[in-house]
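Please read the following report alongside the sequence and the coordinates. It moves from the chain as a whole to a few of its strands and one helix.

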Amino acid sequence: MQLHEYTSFDGLGLAQLLREGAVSAAELHDAARRACTAVNPQINAVVELWPADLTAIDHAAPFAGVPFLIKDVAVTMAGQRSEYGSRLGAGHVATFDSHLMTQFRAAGLVTFGRTSTPEMAFATTTEPVLYGATRNPWNVSLSAGGSSGGAAAAVAAGIVPLVHATDAAGSIRVPAASTGLFGFKPSRGRVSNGPAMDEIFSGLGVQLGVSRTVRDSAALLDCVQGIMPGEPYVTSAPNFTWLSQVSVAPGKLRIGVQRMASNGARPVPAVDAALQDTVRLLESLGHHVEEVSPALGVSWPTFVQANASIWCANLVPWIAGLAQESGRAVSLDTLEPATLACYRYGQTVSAVEFVAALDVRNTVTRHAGALFGQYDVLLTPTMPDVPWQLGRYGENEEQLDGLGWTARLFEHSPYTPLANVAGLPAMSVPLAMSNEGLPIGMQFMAGQGQDGTLLRLAGQLERAAPWGQRRPPVWAGKV
């Protein structure tokens with residue numbers, strides 16, 4: 001299989017080729033490995049390749065035989081390394097498949113490696129000390145976003161058509177916007193994090209993936225939704241498939257447009273122009289669109305403080321467990337300055353402060369619920385700016401405490417955390433390009449459990465303003 005052929009299909013398309021007998025699983029994985037060899041040295045997205053198990057592929061599975069990669073955090077594959085992007089976790093080998101990994105296997109996906117993540121997934125860029133910076137296929141001097149930056153870069157450069165990703169403050173949507181991909185964050189309680197974790201960051205984190213097509217993300221959600229016994233949050237599956245919704249017209253939606261972020265930031269001119277173009281597109285499709293200024297219910301500093309308390313307190317036992325297992329000390333020799341600062345900050349969070357942070361989460365969630373009583377969808381830019389230069393994000397990080405690092409993360413991506421705190425579905429759609437040839441994503445958010453509204457809208461947008469033929473300068477299909 002030639003690489004230009006391999007990269008021309010999405011995941012469902014490759015699986016269909018396999019079922020038709022036009023290609024074998026071995027040929028697909030040979031193509032994926034050649035694609036990785038061709039482009040990974042330029043982007044540093046994949047940190048390790050594994051042998052692919054091609055012995056028991058269910059040809060009836062939706063993604064039968066499709067090459068797949070998992071992020072180096074939050075999902076575990078028995079017998080393979082899971083290092084959390086950290087020197088502290090270097091060499092850690094998972095002893096069991098997490099529930100999500102089991103579902104990936106049942107979907108027919110064949111995992112053959114892992115992608116880079118910032119240390120402990122604690123940034124919206126991917127520049128870990130352990131494996132070095134992941135570079136954006138559209139411009140290798142720029143960040144691919146984070147924390148699923150390695151995942152997004154791998155898909156954007158054509159190594160795989162879709163890949164596992166996580167999102168606790170925008171970590172699916174930020175890299176999707178940075179690399180020109182579709183990134184869907186499902187509602188809280190749709191995808192299990194078990195059995196080792198009940199929820200990531202006390203319900204702020206979810207898992208799914210990034211892809212080049214809407215239908216791949218929808219089909220992936222069909223495959224991995226569902227719960228294990230004892231789940232803390234449960235959002236019931238609908239009586240239809242998510243894939244079926246992609247081709248269903250969304251009807252006339254009430255769409256609120258938030259231009260200025262909740263911290264007062266305004267999008268740069270290129271992003272603002274893209275937002276205006278998106279509004280015109282939505283209106284041409286028959287939707288009612290008007291500007292809104294959503295209320296969080298708390299001040300921005302209070303919002304950041306609450307997230308810092310939840311994030312950093314959750315980080316403490318995570319790091320302590322890695323230290324105990326590895327026998328390494330928690331220090332600047334094993335952790336990056338910002339991660340160590342967040343760990344130390346988390347140690348100072350009292351039980352009362354943590355409960356107060358959860359109360360802020362409740363206030364924000366209630367205000368979001370009221371907003372989505374008025375509107376079906378909220379539109380914002382995914383990011384206020386185009387991708388940053390590598391190195392900019394971490395400038396003077398050694399001078400920041402855990403609260404300061406969280407504030408920097410939220411300053412970088414102020415539009416995305418609301419969906420995590422309130423547990424809402426949200427997506428980044430690659431609707432625009434800057435004059436400099438950089439992708440610009442638009443974020444759409446809906447009420448809790450209304451994932452179908454977003455997927456119907458995404459399908460409509462993909463048909464009206466297709467992005468599938470855009471190719472970055474670093475693209476495996478050129479080889």
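How many Å apart are the mean positions of the positive and negative charges of the chain? In this predicted model, the mean position of the 31 positive charges and that of the 39 negative charges are 3 Å apart.

**The chain as a whole**

The chain is built with 15 helices and 13 strands. Its radius of gyration is 21 Å, close to the 23 Å that the globule rule gives for 479 residues, and the chain is therefore as compact as a globular protein of that length. Taken along the principal axes, the box filled by the C-alpha atoms is roughly 60 × 60 × 45 Å. Of the 479 residues, 61% count as buried, while the chain exposes about 16,700 Å², of which carbon and sulfur atoms supply 52%. Among the contacts between residues at least 6 apart in sequence, 78% join residues that are at least 24 apart.

**Strand pairing**

Strand β6, residues 162-167, is mostly covered, with six of its six residues buried. Strand β11, residues 377-381, has five of its five residues buried, so β11 is largely enclosed by the rest of the structure. The pairings that involve these two strands are set out below.

| Strands | Sense | Bridges | Example of a bridge pair |
|---|---|---|---|
| β6 and β8 (residues 206-211) | antiparallel | six | Thr166 and Gln207 |
| β9 (residues 254-257) and β11 | parallel | three | Ile255 and Val377 |
| β11 and β13 (residues 439-446) | antiparallel | five | Leu379 and Phe444 |

Strand β11 thus appears in two of these rows: β11 runs parallel to β9, to which three bridges join it, and β11 pairs with β13 in the antiparallel sense over five bridges. Within β11, Val377 stands opposite Ile255, whereas Leu379 has Phe444 of β13 as its bridge partner.

**Helix α7**

Why can helix α7 be described as largely enclosed by the rest of the structure? Helix α7 spans residues 214-224, and nine of its 11 residues are buried, which means that the helix is largely enclosed by the rest of the structure. The buried residues of α7 are Val214, Asp216, Ser217, Ala218, Ala219, Leu220, Leu221, Cys223 and Val224, and Asp216 is thus one of the buried positions in this helix. Just after α7, the backbone at Gly226 takes a positive phi of about 125°.

Key. Residues are numbered from 1 along each chain as its sequence is written. This is a predicted model: local features need pLDDT of at least 70, side-chain atom pairs count only at pLDDT 80 or more; totals for chains, interfaces and linings use all residues. Side-chain values use heavy atoms; hydrogens and water are left out. Buried means under 20% relative accessible area, exposed over 50%, partly exposed in between (1.4 Å probe, protein chains only). Helices (H or I, at least four residues) and strands (E, at least two) are DSSP runs, numbered from the N terminus. The radius of gyration is taken over C-alpha atoms; the globule rule is 2.2 Å times the number of residues to the power 0.38. Contact means heavy atoms within 4.5 Å. Accessible areas come from the Shrake-Rupley method with a 1.4 Å probe; for residues, only the protein chains shown count as cover. Lys and Arg count as positive and Asp and Glu as negative; His and the chain ends are not counted. The place of a charge is taken as NZ of Lys, CZ of Arg, CG of Asp or CD of Glu. Two strands pair if DSSP finds at least two bridges between them.
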